[in-house]
Amino acid sequence: MAEAEPSRLREIRQGIGIRLLALILLVSSAATLLATGLQLYLDYRSDVAMIQTRLDDIERSSLVSLADGLWRLEQTQLRLQLEGMLRLPDMRALQLDEISGDGRHRNLISLGEPDTQASPSSRILREMAIHHTDRGQQRLIGHLRVEATLDGVYRRLADKAVVILATQGVKTFLVSLFILFIVHRLVTRHLADIARYVDSFKIEFPQPLLELRRPPRNPPDELDRMVSSFNAMCETLRQAYMSLQEAHAELERDIEARRAAEAEVTRLNEALETRVQQRTAELEAANRELAAFSYSVSHDLRAPLRRIEGFGKALEEDGGPALDERGRHYLSRIRNAARDMTEMVDSFLRLSRAAAGSLTIESVDLSRLARLAAEKQQEKDPQRRVAVSVMTGLSVEGDRRLLTALLENLFENAWKYTRDTEAAAVSFSAGPMDGRMVYTVRDNGAGFDMEQADLLFTPFTRLHGGEEFEGTGIGLATVQRILARHGGRVWAEAVPGQGAAFHFTFWENGRNA
């Protein structure tokens with residue numbers, strides 16, 4: 001009996017009970033973590049939504065009174081209102097700016113301590129425009145900048161997470177221990193007895209297993225039914241050979257059916273390949289139709305824009321003296337908007353041409369095209385002095401028309417963003433990188449933040465404001481499409497205030513790519 005106890009302990013340690021306990025703990029812990037994470041996420045969403053609601057309430061209910069006070073420059077009233085807003089939960093800082101008639105901003109009141117070093121995930125910023133209605137017209141007179149912090153939200157969520165995990169962990173451990181005890185008591189100890197019987201079982205002399213479960217329960221439980229099934233299996237084993245023969249014949253039939261199924265799959269794959277080719281042809285036709293449509297729409301937009309510009313010019317020449325200063329300003333803005341739209345249409349046409357038409361592949365002298373692009377920019381802006389450096393002997397197989405547009409866009413971009421640089425310099429060079437030739441147009445101009453580099457090649461997207469540098473945001477998108485048609489790619493490296501470098505390649509996967 002003394003030897004039986006250690007054997008029982010070994011069975012418990014080596015049995016499925018311990019693994020079951022570990023599995024229960026693992027699954028329960030995972031479920032707890034998942035539920036806790038979901039709860040914390042919902043609470044986070046709720047808290048952030050509450051902060052957003054407070055900001056909405058400020059924008060909805062307080063801007064009118066702020067506009068009235070800002071119009072009268074009642075700083076005491078404005079400060080009291082802002083102090084009341086700052087006392088709202090999770091508010092960190094407020095800043096009220098006044099906008100004068102000439103558009104200049106002046107900081108009027110600042111409350112709180114804004115955290116400029118905080119990450120976007122730890123604060124919420126909102127800019128609110130303040131308008132005043134004067135003689136039936138709305139006028140922008142100021143901005144209210146509100147900064148709300150999420151530090152309190154994160155602290156509340158951390159405290160809640162600790163409480164949930166601690167309570168759920170203790171509960172999970174206790175429940176797991178209880179389940180382990182029940183499983184061992186009702187199942188695993190009997191399974192161990194059955195295993196010992198099976199180890200000594202001889203098919204030549206089958207002995208009933210019923211002695212291990214005396215007396216059987218009424219109604220029988222799962223173990224009783226398993227014992228009965230095992231006893232019936234002993235008799236079934238005697239007929240196993242005939243069953244195996246039948247199974248063998250069935251297996252042969254299954255193999256034949258599988259071969260037929262494989263043949264059907266092959267046929268379907270061939271049909272699918274044909275369908276893919278058909279869909280590809282349809283897609284290419286749709287792309288051609290879309291390019292033609294874009295080209296037609298862009299052309300159709302030119303005529304009304306020219307009429308707007310022409311009538312605006314005529315109105316300015318004939319009726320300009322009769323207009324007051326505001327009228328002349330509005331007329332000037334109408335003409336500028338028409339010119340900007342015309343420039344956007346032309347840019348859109350260039351982008352459409354870059355993506356359409358067949359390529360005429362020939363050997364192209366990139367060094368010569370780069371020098372011509374630089375000369376073209378110098379002719380457009382003769383008063384500027386820009387140091388241009390072009391590496392000689394650079395050539396590539398490609399479409400001369402598109403590669404000319406490629407370098408003109410890159411040099412125009414470099415020329416534009418070196419406008420405020422005293423010793424402006426633009427260079428074109430090439431060199432091996434990662435086993436392929438990489439071409440580079442580099443400048444020492446304004447540069448940009450690399451966190452926004454993914455937006456560079458999106459049509460009509462610009463990283464600098466129109467008041468700083470003119471443009472439509474089409475040039476770099478055109479560059480990317482031209483290089484895509486030549487099996488290459490383009491990427492940029494830059495440092496704000498220290499310039500930018502645009503690297504590009506051709507035929508990365510071979511000439512037929």
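Here are some friendly questions and answers about this predicted model.

Me: Let's start with Glu98: is this residue buried or exposed?
Reply: Glu98 is found in strand E1, which spans residues 91-99. The cut-off for buried is under 20% relative accessible area. Glu98 has 18% relative accessibility, so this residue counts as buried.

Me: Which side chain makes a polar contact with the side chain of Glu98?
Reply: Leaving aside neighbours within four places in sequence, Glu98 is in contact with several residues, including Leu70, Leu73, His105 and Ile141. Leu70 is 28 residues away in sequence, yet the two C-alpha atoms are 7.5 Å apart. The polar contact, at 2.5 Å, is with the side chain of Arg106.

Me: Now to the largest nonpolar core: which element gives the most to this core?
Reply: In soluble globular proteins, nonpolar side chains tend to be buried together. Here the largest nonpolar core has 39 residues, and Leu366, Leu406 and Phe506 are among those that touch the most other members. Elements that each supply at least two residues include helix H9 (366-380), strand E8 (425-433) and strand E9 (436-443). With eight residues, the element that gives the most is H10.

Me: How many residues are in the second, separate core?
Reply: This core is separate from the largest one, and Leu82, Met85, Met91 and Val146 are included in it. The number of residues in the second core is 29.

Me: On to the rings: how many residues apart are Tyr44 and Tyr154?
Reply: A search of the whole structure finds six aromatic pairs. Tyr44 and Tyr154 form one that is stacked, with 6.1 Å centre to centre and 5 degrees between the planes. Tyr44 sits in helix H2 (residues 16-61) and Tyr154 in helix H5 (residues 151-199), so the pair links distant parts of the chain. Their separation along the chain is 110 residues.

Me: Are Tyr44 and Tyr154 buried or partly exposed?
Reply: Tyr44 has a relative accessible area of 24%. Tyr154 has 34% relative accessibility. Buried would require under 20%, so both Tyr44 and Tyr154 count as partly exposed.

Me: What is the angle between the ring planes of Phe428 and Tyr439?
Reply: Phe428 is buried at 1% relative accessible area, and Tyr439 is buried at 7%. Together with Phe504 and Phe506, these two residues form one aromatic cluster. The ring centres of Phe428 and Tyr439 are 6.5 Å apart, and the pair is stacked because the planes are at 15 degrees.

Technical notes. Residues numbered from 1 in each chain as written. Predicted model: local features only at pLDDT ≥ 70, side-chain atom pairs only at ≥ 80, totals over all residues. Heavy atoms only, no water. Helix = DSSP H or I, 4+ residues; strand = E, 2+ residues; numbered from the N terminus. Buried < 20%, exposed > 50% of the residue type's maximum accessible area, 1.4 Å probe, protein only. Contact = heavy atoms within 4.5 Å. Polar contact = N/O pair within 3.5 Å; in protein donor to acceptor, adjacent residues only side chain to side chain. Core = buried A, V, L, I, M, F, W, Y, C linked by side-chain atoms within 4.5 Å. Phe/Tyr/Trp six-rings, centres within 6.5 Å; stacked < 30°, edge-to-face > 60°.
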